[in-house]
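Welcome! Please take a look at the chain shown here, and then we can walk through it together.

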Amino acid sequence: MKNAGGVTQSDLARRVGVKQASIWHLLQPEAQKSGLTPQIARALGVNPDWLATGIGQKLALESMQSVVPLVGYVGAGAEIFLVDDLSKGQRIDDVPPFPGQDGPVNAVRVRGDSMLPQLEDGWTLYYAVDQSAGVMEDAVNRLSVVQVHDGPLLVKKLEPGRRKNLWRLVSHNASPREDVRLDWAARVRAIVP
C-alpha cells in the first residue's frame, strides 16, 4: 500500500475504525493487499487503486466532490449527531458542493430552532474533513465544528481560552463554555440556507 502522507497512523486508524497497529502493519514494505483499502482511501480522500498501487489518478472522484456527504444533524445545544458508521463511509444523504469549494468537506444540517438567530432549521453547514491538523488556525475566532476532548461534537464560535491549549466556545443563545480542551476544530467553510 502506498503511503498517502499527511495523516498520523493513529488518526487514520480512528477514522477507519481499526487499531493503530493495523495501519502500521499495512504501511510495511512486505504488506499484502488489504480489505481495508476502500475505507482507508475514503478516509484519505484518495483513489483506492492509487493507494494500493501508486498508479493512476491520486484523487478519488469523490474527493473532487461532485456531491458532499451529509454526515449528521445539528440539534439542541449546537451538538452534532453523526451517522453511526461514519468511519465506514456511511452518510445520511448527499448534498451539492458549495460554490467555490476547494477541497474535501463534510456537511451537517441544522434541525430545529435552537441555533436561532444565527442558523435556521434546514440550513446546511460545510466543514473540512481532515481533523488530523488538530485545532486549525483558520477556525479561531470563527464559527467552527469542534470536537470536545471526551465530549460532544459542537458548532460554536471558537475563541482562545484563558490558558494555553484551552478554548472558549461561544454561542448566541447560551453562556460560553470556558477553558475547554479540544481534539480538533475546523472552520465552517460555508452555510447554505
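## Strand S5 and its partners

S5 and strand S10 (residues 182-192) pair in an antiparallel arrangement, held by 4 bridges. To find one of these spots, start at Tyr126: its bridge partner in S10 is Ala190. Please keep in mind that this is a predicted model.

S5 also pairs with strand S4 (residues 105-110); these two run antiparallel as well and are joined by 5 bridges. Here you can look for Val105, which stands opposite Ala128 of S5. How many of the residues of S5 are buried? The strand spans residues 124-128, and 5 of its 5 residues are buried, so "mostly covered" is a fair description, given that buried means under 20% relative accessible area.

## The chain as a whole

Stepping back, you will find 5 helices and 10 strands in the chain. The chain has 193 residues, and 40% of them are buried. Its accessible surface comes to about 10,500 Å², with 50% of that belonging to carbon and sulfur atoms.

The contacts tell you something about how the sequence comes together. Taking contacts between residues at least 6 apart in sequence, 54% join residues that are at least 24 apart.

## Two nonpolar cores

Which residues of the largest nonpolar core touch the most other members? They are Leu119, Val145 and Val155, in a core of 20 residues. Several strands contribute to this core: S1 (68-74), S4, S5, S6 (143-148), S7 (153-160) and S10 each supply at least two of its residues. A second core, separate from this one, has 11 residues, including Leu12, Val16, Ala41 and Ala43.

Val145 is a good place to zoom in. Leaving aside residues up to four places away in sequence, Val145 touches Ile80, Tyr127, Leu153, Leu154, Val155, Trp184, Ala185, Ala186 and Val188.

## Salt bridges

The structure holds 7 salt bridges. One of them joins Arg91 and Asp94, whose closest N and O atoms lie 2.5 Å apart. Are these two residues buried, partly exposed or exposed? Arg91 counts as partly exposed because its relative accessibility is 23%, and Asp94, at 34%, is partly exposed too.

Another salt bridge brings together the side chains of Asp179 and Arg162, at 3.1 Å from N to O. This pair links distant parts of the chain, 17 residues apart: Asp179 sits in strand S9 (residues 177-180), while Arg162 lies in the loop between S7 and strand S8 (167-170). With a relative accessibility of 65%, Arg162 counts as exposed.

## A network of charged residues

Glu178 and Arg168 also meet through their side chains in a salt bridge, with an N to O distance of 2.9 Å. Where do the two residues sit? Glu178 is in strand S9 and Arg168 is in strand S8, so the pair, 10 residues apart, links distant parts of the chain. Glu178 is partly exposed, with a relative accessible area of 33%, and Arg168, at 25% relative accessibility, also counts as partly exposed.

This pair belongs to a wider set: Lys157, Glu159, Arg168 and Glu178 are linked in a network of salt bridges.

Notes. Residues numbered from 1 in each chain as written. Predicted model: local features only at pLDDT ≥ 70, side-chain atom pairs only at ≥ 80, totals over all residues. Heavy atoms only, no water. Buried < 20%, exposed > 50% of the residue type's maximum accessible area, 1.4 Å probe, protein only. Pairing = 2+ DSSP bridges. Contact = heavy atoms within 4.5 Å. Areas by Shrake-Rupley, 256 points an atom, 1.4 Å probe, with all protein chains shown as cover. Core = buried A, V, L, I, M, F, W, Y, C linked by side-chain atoms within 4.5 Å. Salt bridge = Lys/Arg side-chain N within 4 Å of Asp/Glu carboxyl O.
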